[in-house]
Amino acid sequence: MRHPALITGLCLALAAPLAMAAAPPKADPPAAAPAAAPAVQPEAVAALEKMGKYLRSLKDFTVHADTTIELVMEDGQKLQFPGTLDYKVRAPDKLQLDLHSDRKERQMFYDGKSLTVYGPKAKYYATVDAPPTIRELLGTVESTYGIEMPLADLFLWGTDQAPTSALKSAARIGPARIDGTVTDQYAFRQEGVDWQVWIEAGPKPLPRRLVITTTDDPAQPQYASTLTWNTAAGLKDSAFTFTPPKDSHRIQMVAVDVVAVEEKSP
C-alpha cells in the first residue's frame, strides 16, 4: 500500500519549472517514526496513585472479596479454589478478617495492641503482641510468623511500601463494568508478577477487581478477587475484640526462625 503522503510529494515534483527540475532533487527528509507508546503510561500510574490516595483517606470501612486461587499440581495441572474474605477496618490501628474456603477458615483480630489468629474448625487460637498500626502489622506478621495477609496491597497502595518505581510497564486497557459498576481496567507488570486492577470511575476510585499472575513460576498461577465496599461502615470496638468461644484452646504462635532452627536440629 502506498502512503498518501508519498503520492502528494510526487505530484509537486512534476509541477515544478524545468530549470528547477534540472537541479539535483533534494531528498525529502525521512519521515519521523511514530513515537512508541511508553512502557509505563503516566495515565495509568496517575490512576494507581489516585486510587492509593483515596484508599488511605478511608477511616472506617468493610470490604468483601469473592476470591479464586489457582494451585498447580506436580504434573502441571491447575486447580481452582473459590473462597471469600471480609475485612472490617478502622484506620490506622484496628482490623478484623474472616477468611473462608472449602479447605481453610481463619479469623484475625487486631486492636492496635495484640493480634489473635483463630481457627474456627479446630477451635485453636493464638495471641501475640502487635505493633501500633496496620501497616506495621502487615510486615511483622509476615517476617516474624510467616503469615501473608490476603489482599495486603489494599493497605499499602499509596504508601512508600508500594512504590510505583517498581513498575516495568503500566497501561490503561479501557472501560469495563464489574457487577454493574463502571470501572477502568489497568494492566501492570513488575518483577515476578503481572497484575490487573479495575478501578471505579468517578469520585470514589476504589479497586473493584484484582487479578494477579505469578510470572516467576513457570506455571504462572493466578489469584483473582472481586471486591464489594462499604466506605462508611460505622464499626464498633467489639468488632476488633476476640472473645474465646467455649471449648476453644489457646496455643502458642511460633516465629518462623524458631521453626527453622528446630527443623535443622537432629
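Two strands count as paired if at least two bridges are found between them. By that rule β3 and β4, in this predicted model, are a pair: six bridges join them in the antiparallel sense. One of the contacts between the two strands places Q96 opposite F109 of β4. The connection from β3 to β4 is a hairpin of three residues.

The other neighbour to look at is β2. Strands β2 and β3 run antiparallel and are joined by eight bridges, and Y87 has L97 of β3 as its bridge partner. These two strands also form a hairpin, with three residues between them. In the loop between β2 and β3 lies P92, and the peptide bond that joins A91 to P92 is cis, with omega at about 5°. How much of β3 itself is buried? Six of its eight residues are buried, so β3 is largely enclosed by the rest of the structure.

From here the view can be widened to the whole sheet. Strands of a sheet pair through backbone hydrogen bonds, either parallel or antiparallel. The sheet in this model is open and has 12 strands, in the order β7-β8-β9-β10-β11-β1-β2-β3-β4-β5-β6-β12, with mixed pairing. The strands at its edges are β7, residues 167–178, and β12, each of which pairs on one side only.

Some further pairings can be followed along that order. β10 and β11 run antiparallel and share five bridges; T213 has Q222 in β11 as its bridge partner. β11 is in turn joined to β1 by eight bridges, and these two strands also run antiparallel. Here A65 has L227 in β11 as its bridge partner. Past β3, strands β4 and β5 pair in the antiparallel sense over four bridges, with M108 opposite V117 in β5.

Side chains make contacts of their own. A pair of aromatic rings is described by the distance of the centres and the angle of the planes. The model has eight aromatic pairs. In one of them, the ring centres of F61 and W229 are 5.7 Å apart and the planes stand at 40°; the pair is called tilted because stacked planes must be under 30 degrees apart and edge-to-face planes over 60. F61 belongs to strand β1 and W229 to strand β11, so the pair ties together parts that are 168 residues apart in sequence. Are these two residues buried or exposed? F61 has a relative accessible area of 7% and is buried; W229, at 12%, is buried as well.

A second tilted pair is made by Y118 and F242, with 5.3 Å from centre to centre and 50° between the planes. This pair also links distant parts of the chain: Y118 is in strand β5, F242 is in the loop between β11 and β12, and they are 124 residues apart. Y118 counts as buried at 5% relative accessibility, and F242 counts as buried at 15%. Ring pairs link both residues with F109 and Y125 into a cluster. F109 has already appeared, as the residue of β4 opposite Q96. Another ring, that of W198, has a charged residue over its face: R209 lies 5.6 Å from the ring centre.

Two loop residues stand out by their backbone angles. K123, in the loop between β5 and β6, is not a glycine, yet has a positive phi of about 60°. At 31% relative accessibility, K123 counts as partly exposed. D247 is found in the loop between β11 and β12, and its phi is near 70°, again a positive value in a residue other than glycine. D247 counts as exposed, because its relative accessibility of 53% is over the 50% cut-off.

The last feature is empty space. Rolling a probe the size of a water molecule over the atoms shows where empty space is left. The largest pocket holds about 1,600 Å³. Which residues lie nearest its centre? They are E148, M149, P150, L151 and Y223, out of 49 residues in the lining. Several strands of the sheet give two or more residues to this lining, including β1, β2, β3, β4, β9, β10 and β11, and the helix α4 (134–145) does too. By type, the lining has 28 nonpolar, 13 polar and eight charged residues.

Conventions
Residues numbered from 1 in each chain as written. Predicted model: local features only at pLDDT ≥ 70, side-chain atom pairs only at ≥ 80, totals over all residues. Heavy atoms only, no water. 1 Å grid on protein atoms, 1.4 Å probe; cavity = no way out; pocket = protein on both sides within 12 Å on 5 of 7 lines; lining within 4 Å. Points joined across faces, edges and corners; volume = space filled by probe spheres on them. Nonpolar A, V, L, I, M, F, W, Y, C, P; charged D, E, K, R; others polar. Phe/Tyr/Trp six-rings, centres within 6.5 Å; stacked < 30°, edge-to-face > 60°. Buried < 20%, exposed > 50% of the residue type's maximum accessible area, 1.4 Å probe, protein only. Lys NZ or Arg CZ within 6 Å of the ring centre and 35° of its normal.
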